[in-house]
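Hi,

Here is the structure I promised to pass on. Have a look at it first, and then read my notes below.

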Amino acid sequence: MSLIDHLEELRSRLLRAIASFFIAFLPCYYWVDEIFAFLQRPILKLLPPGKKLAYTGVTDPFFLYFKVAALAAVFVASPFILYQFYRFIAPGLYKHERHYLLPFLFFGSFFFLAGGAFAYYIAFPLAAEFLLEMGKAFEPVITIERYFGFQMTIILGLGVMFELPIVIFILSSIGLVTPRFLMKHFRYAVVIIFIVAAIITPTSDVLNLCVFAIPAIALYLLGVGAAALVPRANRTPGP
């Protein structure tokens, strides 16, 4: 394929991915009240009984519901978005490598959803509890915009971070890395993971940093194991 053909293919795949997102957006917006009730549950458990989230602008709830539905639509449409990504890179794969389609879709979607679940049930409650404990001398007035922006950063950040084994497997499949190379540079990977975790982590304490970084290190090692499953003929010679 020429460069123009590749760009046309990329455009086509992006449009289909966007279309799948909007198709998923409609039912998510219909159920947006229930979705946001689910998303605000962790913070309500930490606030005094009867305390609610607040808003400062009359348009804030309107825009919030769009953002909530969009976040949910990303997770609902993730298998279709991953499928379009796979179809874009498929022409560059060997015939036997195209058999990875179903595992790629399954594990790609699984890790993305697992990252979101880890963020919702573990990382976000720990971060929120730590921050509220720091401000216990004050009256909390938590707005829906600030709360959801904070929560969305953690959920999407960890959802993407949990794709690390899939990324490593793909890089190994196209011959850019090998298990030997990955383990040889493991200490550098740990440093990079902690830097990325520090960017995503909303607090500065070591506990929350480790909540983000340690799973990512485990995912890196899982990715090394996945890279070992790639046929040796597809790998570059290890350094």
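Which element of the protein has the lowest mean pLDDT, and which the highest? Helix H7 (residues 164-173) has the lowest, at 85, and helix H2 (residues 32-39) has the highest, at 94. Keep in mind that this is a predicted model. For the protein as a whole, the mean pLDDT is 85, with 89% of the residues at 70 or more.

Now to the aromatic rings, which is where I spent my time. The count comes to 19 aromatic pairs. One of them joins Phe25 and Phe66, which are stacked, with 5.9 Å from centre to centre and 25° between the planes. Phe25 sits in helix H1 (residues 3-30) and Phe66 in helix H4 (residues 60-89), so this pair ties together parts that lie 41 residues apart in sequence. As for the surroundings, Phe25 counts as buried because its relative accessibility is 12%, under the 20% cut-off. Phe66, at 34%, counts as partly exposed.

Another stacked pair is made by Phe106 and Phe110, with 6.3 Å centre to centre and 10° between the planes. Here both residues belong to helix H5 (residues 101-134), four residues apart, which is about one turn of the helix. Phe110 is partly exposed, with a relative accessible area of 46%.

Back to Phe25 and Phe66 for a moment: both are also part of one aromatic cluster, together with Phe21, Phe22, Tyr29, Phe62 and Phe63. Try picking out those residues in the viewer.

Cheers

How values were computed. Residues are numbered from 1 along each chain as its sequence is written. This is a predicted model: local features need pLDDT of at least 70, side-chain atom pairs count only at pLDDT 80 or more; totals for chains, interfaces and linings use all residues. Side-chain values use heavy atoms; hydrogens and water are left out. Rings of Phe, Tyr and Trp (its six-membered ring) pair if their centres lie within 6.5 Å; planes under 30 degrees apart count as stacked, over 60 as edge-to-face and the rest as tilted. Helices (H or I, at least four residues) and strands (E, at least two) are DSSP runs, numbered from the N terminus. Buried means under 20% relative accessible area, exposed over 50%, partly exposed in between (1.4 Å probe, protein chains only). pLDDT is the predictor's confidence in each residue, from 0 to 100.
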